[in-house]
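Work through the exercises below with the sequence and the three-dimensional view open side by side. Try each task before reading its solution.

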Amino acid sequence: MSHLSPPHASVVKSPCLPALVCPVSGTARRLLAGVGTAIAGLSLLAGISACASPPANERETGSGGQLVRYSSRQVSVDLTDAQRETLRQLRDHVLAETQQARILEAISRTLAKEGYAPVSVDTEMGVVEAERNTVLVPKWRQIARGVLKSRIGGLPAKPDHERMAVIVAVRSTQGEQGKQGKLGERGERVQHVEQGSLVRVRFDRTVWDSNGDARTETVLEKDVYDGFFSALDLAVRAN
């Protein structure tokens, strides 16, 4: 009777075994180095964000995140003392017309002619509100930029569109000086009006960029206010 020996199990040496048991392989080292670089980059960004504080008159009304961006950012810019004084010199205009209804109608027509829509008129309070939306870049450029951003990313934000909001108030006034008549010594139009109406206007501009971030600030450009009042003068005379 023959004695059969149990079969011997074959030993397979895997060339990958050293890589599996090696504490830190070449690939793992590269991954760890990448993680270290990312952490260093995030720390640098955090340091920069902490040091770059916004101006005191800027209010963040909506945050899109700091280290991780998850939404758009909205900022409102308040007027400084000097800017408030500038606005006071721009916002008022006196008309000799005393009928508030005629002035409100003229304001409504003036704003509509300048592209504002909708125009809301509150005859009881003597207030007109309107807005105008303007696209700042052509549609084809928006599409091209979106394609590039999806492929390479990291493109700087550019102004995309804006909203101009205007509020106008009208009230009766007597014996006040306003921008009506001949030019004064400093170039302003002044005339003593025994009876008339004071028109006060304020323009606020909101600009959105290609990242969806928005910035709102009061318009302080003289030509915007002078252009509106000049057009209003013509509309009142045409009534």
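The exercises that follow concern a predicted model, and each one is solved step by step.

**Exercise 1. Describe the overall make-up of the chain: how many helices and strands are there, and what share of the residues counts as buried?**

Step one is to take the secondary structure, which comes to six helices and ten strands. Step two turns to burial, and of the 239 residues of the chain, 24% count as buried. Step three considers contacts between residues at least 6 apart in sequence, among which 62% join residues at least 24 apart.

**Exercise 2. Characterise helix H6 and find which of its residues are buried.**

Begin with the extent of the helix: H6 covers residues 222-238, which is 17 residues. From its first C-alpha to its last it reaches 24 Å, close to the 24 Å expected at 1.5 Å a residue. Then look along the helix for buried residues, which are Tyr225, Asp226, Phe228, Phe229, Leu232, Asp233, Ala235 and Val236.

**Exercise 3. Work out how helix H4 is placed against H6, and which residues meet where they touch.**

Two packed helices are described by the angle between their axes and the distance between the axes. Here the axes of H4 (residues 100-113) and H6 come within 9 Å and cross at roughly 125°. That angle makes H4 oblique to H6, and the crossing is right-handed. On the H4 side the contact is formed by Arg102, Ala106, Ile107, Arg109, Thr110 and Leu111, which meet Phe228, Ala231, Leu232, Ala235 and Val236 of H6. Sorted by character, the residues of this contact divide into eight nonpolar, one polar and two charged.

**Exercise 4. Follow the chain beyond H4 and examine Glu114 and Pro118: where do they lie?**

Both positions can be placed in turn, for Glu114 is found in the loop between H4 and strand E4, and Pro118 has its place in the loop between H4 and E4 (119-122). With a relative accessible area of 29%, Glu114 is partly exposed, because buried requires under 20% and exposed over 50%. Although Glu114 and Phe228 are 114 residues apart in sequence, their C-alpha atoms are 8.8 Å apart in space. Not counting residues up to four places away in sequence, Glu114 touches Arg132, Gly227, Phe228 and Ala231. As for Pro118, a cis peptide bond joins Ala117 to this residue, with omega about 0°. As background, most peptide bonds are trans.

**Exercise 5. Compare the surroundings of Val128 and Val168: are they buried or exposed, and what do they touch?**

First place them: Val128 is in strand E5 (residues 127-135), while Val168 is in strand E6 (residues 159-173). Val128 has a relative accessible area of 0% and is therefore buried, and Val168, at 0% relative accessibility, likewise counts as buried. Next list the contacts, leaving aside neighbours within four places in sequence: Val128 is in contact with Leu104, Ile107, Leu111, Val119, Ser120, Val121, Val166, Ile167 and Val168. The partners of Val168, with such neighbours again left aside, are Ile107, Gly126, Val127, Val128, Val199, Arg200, Val201 and Phe228. Finally, add two C-alpha separations: Val128 and Val201, 73 residues apart along the chain, are separated by 9.3 Å, and Val168 and Gly126, 42 residues apart in sequence, are separated by 8.3 Å.

Note on methods: Residues numbered from 1 in each chain as written. Predicted model: local features only at pLDDT ≥ 70, side-chain atom pairs only at ≥ 80, totals over all residues. Heavy atoms only, no water. Helix = DSSP H or I, 4+ residues; strand = E, 2+ residues; numbered from the N terminus. Expected span 1.5 Å × (residues − 1). Buried < 20%, exposed > 50% of the residue type's maximum accessible area, 1.4 Å probe, protein only. Axes fitted to C-alpha atoms, helices over the stretch in contact; angles between N-to-C directions. Parallel < 35°, antiparallel > 145°, perpendicular 65-115°, else oblique. Left-handed = near helix turned anticlockwise from the far one by under 90°. Contact = heavy atoms within 4.5 Å. Nonpolar A, V, L, I, M, F, W, Y, C, P; charged D, E, K, R; others polar.
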